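Me: Please pick one part of this protein and take a close look at it. Start from a single side chain, follow its partners, then work outwards until I can place it in the whole fold.

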Amino acid sequence: MTTDPDHIILCVSQPSLSARDEARMLAAIHQAARQIYAQPLTVVRLEGSGEGLASALRAARDAGAGHVCVLPTGFPMAANIRAWLPGAVAHFAANEAGDMQVELATPPEPEDAAAALVPLTQSARVSSAQATRPSLGKPGWQFLPDFDTHLLVCTGPRCAFRGAGTLQLRLKQALAEAGLSDRCLTTTTGCLYPCNQGPLVALYPQGDWFHIPDEAALQRLVTDVIGQGLDAPELRLAERPGGLRAQSLTTRKEA
Ligand code: FES
């Protein structure tokens, strides 16, 4: 850090966390960071659910922070995140920071994570595998879930930066309010690739993908597209000209 920042943002890279483990992990990191940093601090996830980094940067700016430092943590932090994060923080600095100085610490390398984690194994509790009941699943897990529409909500890092961290929750609430929950299976995914159009939701079996930038778009997806089977061309992602999907659509229309 060049000088003492007046706000710290710790960002966690750990895509696969249950809601319970996410809460435990964010709280534990907050508590540990409190032992080191006296400044106001925020802990966010870079992927998955939650408010996300852009939202934390905006909140620090709106609270009057003059200098914020973003500290990435990871166990380890994946190469794509290490490559992407500097540009994303720079995007915020260039477009939204105003007078707030923004710094980014170097994300940890896999070797850094190993040095921190391996010593922890020495104090781990162990139990006998022979004394544990064998299991690869639970009764009932052989059946398909009951649904006719599958929604894939991208919560990869670039969509999360654009607000996708709370999208699945908001989508489930809107589906419930519209009485459509029983028809829909809503799952989160990692990066689906059209990141520049995030946050996005892919709908199957229709095969249409939608850009969901705000609540109005979310409501339109739920009530018009899913509820009534209508199109929402202004939200639907375009096919790559000449691409495989574009060709198969043409073939379908001609048939
Ligand atoms: S992060 Fe969502 S499409 Fe890449």
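**A charged side chain and its surroundings**

Reply: Let's start with Arg 45, which is buried, with a relative accessible area of 3%. Keep in mind that this is a predicted model, and everything below is read from it. Arg 45 counts as buried because its 3% falls under the 20% cut-off.

What does Arg 45 form a salt bridge with? Its partner is Glu 22, and the closest N and O atoms are 2.6 Å apart. Arg 45 sits in strand β2 (residues 41-45) and Glu 22 in helix α1, so this pair ties together parts that lie 23 residues apart in sequence. Glu 22 is buried too, at 13% relative accessibility. So you have a salt bridge whose Arg end is buried at 3% and whose Glu end is buried at 13%.

Stay on helix α1 for a moment. Arg 24 forms a salt bridge with Asp 21, with the closest N and O atoms 3.4 Å apart. Here both residues lie in helix α1 (residues 19-34), 3 residues apart, or about one turn of the helix. This pair stays within one helix, whereas Arg 45 and Glu 22 join a strand to a helix. Arg 24 counts as exposed, at 53% relative accessibility, because the exposed class begins over 50%. Asp 21 comes out at 32% and is partly exposed. In the background is a simple idea: side chains of opposite charge can pair when their charged atoms come close.

Further along the chain, the side chains of Arg 82 and Glu 109 meet in a salt bridge, 3.4 Å from N to O. Arg 82 belongs to helix α3 (residues 79-95) and Glu 109 to the loop between β4 (101-104) and α4, so that pair ties together parts 27 residues apart in sequence. Arg 82 is partly exposed at 21%, and Glu 109 is partly exposed at 34%.

Then there is a group to pick out on screen: Arg 58, Arg 61, Asp 62 and Glu 96 are linked in a network of salt bridges. For the whole structure the tally is 11 salt bridges.

Now step back to the domains. The domain assignment gives domain 1 (7-111) and domain 2 (145-254). Their C-alpha centres lie 27 Å apart. The contact takes 13 residues from domain 1 and 8 from domain 2. Between them the two domains bury about 920 Å², with 65% of it on carbon and sulfur atoms. On the domain 1 side, Gly 48, Ala 54 and Trp 84 supply 42% of the area buried against domain 2, more than any other three residues. How many salt bridges are counted between domain 1 and domain 2? The count is 0.

There's a nonpolar feature to look at as well. Phe 75, Leu 117 and Leu 120 make a surface patch of about 270 Å². Leu 117 is found in helix α4 (residues 110-121) and is partly exposed at 32%.

Over on the far side of the sequence, the backbone has some details worth a look. The peptide bond from Gly 198 to Pro 199 is cis, with omega near -5°, and Pro 199 lies in the loop between β6 (184-189) and β7 (200-204). That loop also holds Tyr 193, which has a positive phi of about 100° although it is not a glycine. Tyr 193 is exposed, at 72%. The bond from Tyr 204 to Pro 205 is cis as well, with omega near 15°, and Pro 205 lies in the loop between β7 and β8 (208-211).

Finally, the whole thing. The protein has 8 helices and 8 strands, and its C-alpha atoms fill a box of roughly 65 × 60 × 40 Å along the principal axes. Of its 255 residues, 38% count as buried, and Arg 45 and Glu 22 carry that label too. Among contacts with a separation of 6 or more, 73% come from residues 24 or more positions apart. The accessible surface comes to about 15,100 Å², of which 56% belongs to carbon and sulfur atoms.

Key
Residues are numbered from 1 along each chain as its sequence is written. This is a predicted model: local features need pLDDT of at least 70, side-chain atom pairs count only at pLDDT 80 or more; totals for chains, interfaces and linings use all residues. Side-chain values use heavy atoms; hydrogens and water are left out. Patches are made of residues with over 30% relative accessible area and no salt bridge: like charges are joined within 9 Å, nonpolar side chains (Val, Leu, Ile, Met, Phe, Trp, Tyr) within 5 Å. Accessible areas come from the Shrake-Rupley method with a 1.4 Å probe; for residues, only the protein chains shown count as cover. A salt bridge is a side-chain nitrogen of Lys or Arg within 4 Å of a carboxyl oxygen of Asp or Glu. Helices (H or I, at least four residues) and strands (E, at least two) are DSSP runs, numbered from the N terminus. Buried means under 20% relative accessible area, exposed over 50%, partly exposed in between (1.4 Å probe, protein chains only). Domain bounds come from an automatic or database domain assignment. Contact means heavy atoms within 4.5 Å. Buried area is the accessible area (1.4 Å probe) that two parts lose on being put together, summed over both.
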